[in-house]
Amino acid sequence: MYYVTGLSHVFLAMTLSPLLLGIINRVKARFAGRRGQPLCQLYYDLFKLLRKGAVYSRTTTWVFRIGPMGTLAAVVMALLFVPLTGFGACVSFSGDLLLMAYLLGVGRFLTVLAAMDTGSAFEGLGASREVFFSALTEPSLILALAALCKLTGQLSLEGMYGTLAMAGTAPMVLPLVSAVMMIVLLAENARMPVDDPNTHLELTMIHEVMVLDHSGPDLAMIQYGAAIKLWIFSALLVGVLIPIRTGMVVVDGLIGLVGIGVIAVVVGIMESTMARLRLLHVPQLLSIGLVLSLVSLILVMR
Amino acid sequence: MATWMDVTAVLVILLNLRLLCTSRLGTCIQTVAQQAVLLGLIAFLQHGSDLGVELILIVLSSVAIKAGLLPWLLFRSLRQCNTSREVVPFVGFSLSGLIGLAMLAVCFSMADRLALSELPCQTLLIATGLFTIVTGLFLIVSRKKAITQVLGYLVMENGIWAFGIAFALQEPLLVEMGVLLDVLVGVFVMGITINHINREFDHIDTDQLSVLRD
């Protein structure tokens, strides 16, 4: 039973995650008064890209080619450890939250290496920004998870999220951790206040600039990996926001899936109503996340 | 009751951190006022029906002074000085935030060591009070402008108030009223002084006042 629900979460995440970006785009279109692209647009894009061939620059080496594959592999592996309300994680052991966080780190590292391998100054710029911002978000995520660890006394993601409903003694820790997770979600997935996913303007781009030279199946893998990453962070956020477990698999599973959809809608609303922060102010937003995670840790530790 | 009080106490802590990290004077003044309102709320949440009419009046008037009158005075002197709306720090905003977090950790461990009360929610309140006092002191020493130093005193007063609420029934809030009166007079005097400094020197930078000789 345990493996069935875990595997079904992985299956659902791998099939439904492109839909999240469709929902976000649909919400943004509605806010702008447009009808917007189809909800399944990313699926069409992925299939179109998979049928095409890839173009490789002569200056690139094998590093550039393994970048997208390695990134997707790392992200999918990280997905195995992530529990969703009602589904639970596929694999779980003590301390797997560190492995999850650093598998995402490995994915980012490979993307950055591939970007540097092109030798383009433009992509180097994006890589530098990406690494700088992730150096600020990673401690926030780890500290927030550490606060949850201390709160529940469990060292695995599955155990932590499973017992979150019972362990509610420390005040305000869950709202604080949710706020941190939201900031981390926006920063890690290059969403609006941090990065504008629509522009291709060199002054503002962080994530998009690193994948400019990828084409065909490589680009498909990168976009698919990004969608799964969004799913991972949404699942982590849903678990903290709605820590209830009714015990009925169907109800809990519905809560989890609907929660992820609602988070996509919220991200869409935020993107339509907020302006992108100036690049110099992004570290301030991220350090707010860091401060909040430290406060929650202090509140739990006392 | 206890959980709502905890939430309010944590909000006060967050407002302290906001004070340390924000660069706008207007935001600072508003934050101090919000803090005063929250602390008034804590007084009601903590003691609820035990508060007599006297104490309720004291809490209400104190909130009115700290969240209404004093911010109005500060905004007024801010307008009159034509000073820039930026805080000028000796210690940078990010570093201030980090120092604030370190102070928060120390305050929590101190509140646990002091063991003034058996109730955990009171320990949180005591830690909040200590942290607010320390934040006020830090604001006084780490910011250049005279107006931020007045703010520092106000934050300190908020901290003393939070500390006082924890023991409001044993030690009456009247003592607290005395402190508030002192701060009120202090803010009046400082307000007038700020105006005079501004009229004489065209700025309210206390850093440059220290090299004056008579």
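Below, two people talk through a predicted model with chains A and B.

Colleague: How many residues does each chain put into the contact?

Modeller: In this predicted model, chain A contributes nine residues to the contact and chain B contributes 14 residues.

Colleague: And what sort of residues are on the chain A side?

Modeller: On the side of chain A that touches chain B there are seven nonpolar residues, together with one polar and one charged.

Colleague: Switching to H3 of chain A, how far does that helix reach?

Modeller: Helix H3 of chain A covers residues 62–80, which is 19 residues, and from its first C-alpha to its last it reaches 27 Å, close to the 27 Å expected at 1.5 Å a residue.

Colleague: Where is the kink in H3(A) centred?

Modeller: The kink, of about 30°, is centred on Pro68(A), and Pro68(A) is also among the buried residues of H3(A), which include Phe64(A), Gly67(A) and Ala78(A).

Colleague: Which residues have the most contacts inside the largest nonpolar core?

Modeller: That core has 147 residues, and those with the most contacts inside it are Ala78(A), Val82(A), Val177(A) and Ile42(B). Helix H8 of chain A, residues 216–241, gives the most to this core, with 17 residues.

Colleague: What does Ile42(B) touch?

Modeller: Leaving aside residues up to four places away in sequence, Ile42(B) touches Met5(B), Thr8(B), Ala9(B), Leu125(B), Ala162(B) and Ile165(B).

Colleague: One last thing, where does Ala190(A) sit, and is it buried or exposed?

Modeller: Ala190(A) lies in the loop between helix H7 (173–188) and H8 of chain A, and Ala190(A) counts as buried because 20 other C-beta atoms are within 10 Å. Although Ala190(A) is not a glycine, Ala190(A) has a positive phi of about 55°.

Methods. Residues numbered from 1 in each chain as written. Chains lettered and ligands numbered in written order. Predicted model: local features only at pLDDT ≥ 70, side-chain atom pairs only at ≥ 80, totals over all residues. Contact = placed C-beta atoms within 7 Å. Nonpolar A, V, L, I, M, F, W, Y, C, P; charged D, E, K, R; others polar. Helix = DSSP H or I, 4+ residues; strand = E, 2+ residues; numbered from the N terminus. Expected span 1.5 Å × (residues − 1). Bend = angle between axes of the 7 residues up to and from the residue. Buried ≥ 20, exposed ≤ 12 C-beta atoms within 10 Å, placed from the backbone. Core = buried A, V, L, I, M, F, W, Y, C linked by C-beta atoms within 7 Å.
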